[in-house]
Amino acid sequence: MQRLIVDMDGVLADAHAQFLAFDERDTKRRKTLAETLDKSELEISPRSNEHILLPGFFRDAPVIGNSPEVLERLNRQYDLYIVSAATEYPTSLVEKIAWLAEHFPFITWHQIVFCGSKKIVRGDIMIDDHFKNLDYFEGRTLLFTQPHNHSANPKHHQRVHSWDEIARLLL
Ligand SMILES: [Mg+2]
């Protein structure tokens with residue numbers, strides 16, 4: 001059985017939507033998608049480093065697309081692990097566990113890995129939205145499209161735009 005490594009923020013959890021929502025609370029204006037393309041969180045909102053520490057930032061994040069349905073099917077066919085570089089934000093750990101339990105109840109605690117760096121992660125396939133994680137992975141790498149990587153050259157990674165596309169590739 002192949003080992004599949006799946007990221008949380010920007011792949012399962014819509015962290016981008018949370019950055020926009022928290023920025024809108026401050027500025028009273030919702031930034032458009034066009035204003036955020038290819039920008040880092042700090043470029044989108046100068047207070048994003050504060051927002052990410054606020055209660056609810058991770059717990060209330062919207063689910064991306066039909067990831068629960070596709071991941072449930074993948075969970076039957078792969079040795080699946082959710083790997084999140086979360087320890088930079090200790091308060092996020094409890095929120096992320098609760099969020100996964102609500103939206104992905106078929107994921108057991110054995111399958112949840114919170115770490116600092118993903119350089120130590122080994123497996124056959126990694127799905128992630130950041131080059132800093134994919135670039136070190138020795139297996140097959142899928143770059144999940146998010147506003148921040150919208151125009152980036154995917155290099156040797158395979159770009160995927162949706163969970164339907166992932167389902168077509170991996171199921
Ligand atoms: Mg991510």
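How many of the seven residues of strand 2 are buried? Five of them are, so strand 2 is largely enclosed by the rest of the structure. The legends below start from this strand and move outwards through a predicted model.

**Figure 1. Strand 2 and its two partners.**
Strand 2 covers residues 79–85, and five of its seven residues are buried. Strand 1 pairs with strand 2 in the parallel sense, over four bridges. To find your bearings in this pairing, look for Leu-4, which stands opposite Leu-80 in strand 2. Strand 3, made of residues 112–115, also runs parallel to strand 2 and is joined to it by four bridges. Here the residues to look for are Val-83 and, opposite it in strand 3, Val-113.

**Figure 2. Strand 4, covered on both faces.**
Strand 4 spans residues 125–128. Ile-125 and Ile-127 lie on one side of the strand, Met-126 and Asp-128 on the other, and all four are buried. Strand 4 pairs with strand 1 (residues 3–6) in the parallel sense over three bridges. Leu-4 is a handy landmark again, as it stands opposite Ile-125 in strand 4. With strand 5, residues 140–144, strand 4 forms another parallel pairing, this one over four bridges. In that pairing, Asp-128 stands opposite Leu-143 in strand 5.

**Figure 3. The largest nonpolar core.**
This core holds 33 residues. Which of them touch the most other members? They are Leu-4, Ile-5, Val-6, Val-11, Ala-13, Ile-127 and Leu-142. Strands 1, 2, 4 and 5 each supply at least two residues of this core, and so do helix 1 (15–27), helix 5 (67–77) and helix 8 (163–170). Leu-142 makes a good centre for the close-up: leaving aside neighbours within four places in sequence, Leu-142 is in contact with Ile-125, Ile-127, His-157, Gln-158, Val-160 and Ile-166. Of these partners, Ile-125 and Ile-127 share one side of strand 4.

**Figure 4. Where the two domains meet.**
The domain assignment gives domain 1 as 3–14 + 61–170 and domain 2 as 15–51. Taken over C-alpha atoms, the centres of the two domains are 22 Å apart. Domain 1 brings 11 residues to the contact and domain 2 brings 10. What classes of residue does domain 1 present to domain 2? The touching side of domain 1 has four nonpolar, five polar and two charged residues.

**Figure 5. Two loop residues with positive phi.**
Most residues other than glycine have a negative phi. Asp-38 is not a glycine, yet its phi is positive, at about 65°. You will find Asp-38 in the loop between helix 2 (33–36) and helix 3 (41–44). Is Asp-38 buried or exposed? With 11 other C-beta atoms within 10 Å, Asp-38 is exposed, since a residue counts as exposed at 12 or fewer. Lys-155, another residue other than glycine, has a positive phi near 55°. Its place is in the loop between strand 5 and strand 6 (158–160). Lys-155 is exposed, with 11 other C-beta atoms within 10 Å.

**Figure 6. Along helix 6.**
Helix 6 runs over residues 92–103 and contains Glu-102. Glu-102 is exposed, as only 11 other C-beta atoms lie within 10 Å. To follow the helix, trace from Ser-92 to Glu-102: these residues are 10 apart in sequence, and their C-alpha atoms are 15 Å apart in space.

**Figure 7. The whole protein, for orientation.**
Eight helices and six strands make up the secondary structure. Read along the sequence, their pattern is β-α-α-α-α-α-β-α-β-β-α-β-β-α. The C-alpha atoms fill a box of roughly 50 × 35 × 30 Å along the principal axes. The radius of gyration is 16 Å, which agrees with the value near 16 Å for a compact globule of 171 residues. Buried residues make up 32% of the 171 residues. Among contacts between residues at least 6 apart in sequence, 65% join residues at least 24 apart.

Notes. Residues are numbered from 1 along each chain as its sequence is written. This is a predicted model: local features need pLDDT of at least 70, side-chain atom pairs count only at pLDDT 80 or more; totals for chains, interfaces and linings use all residues. A residue is buried if 20 or more other C-beta atoms lie within 10 Å of its own, exposed if 12 or fewer, and partly exposed in between; C-beta atoms are placed from the backbone. Two strands pair if DSSP finds at least two bridges between them. The radius of gyration is taken over C-alpha atoms; the globule rule is 2.2 Å times the number of residues to the power 0.38. Two residues are in contact if their C-beta atoms, placed from the backbone, lie within 7 Å. Domain bounds come from an automatic or database domain assignment. Ala, Val, Leu, Ile, Met, Phe, Trp, Tyr, Cys and Pro count as nonpolar, Asp, Glu, Lys and Arg as charged, and the others, Gly among them, as polar. A nonpolar core is a set of buried Ala, Val, Leu, Ile, Met, Phe, Trp, Tyr and Cys residues joined through C-beta atoms within 7 Å.
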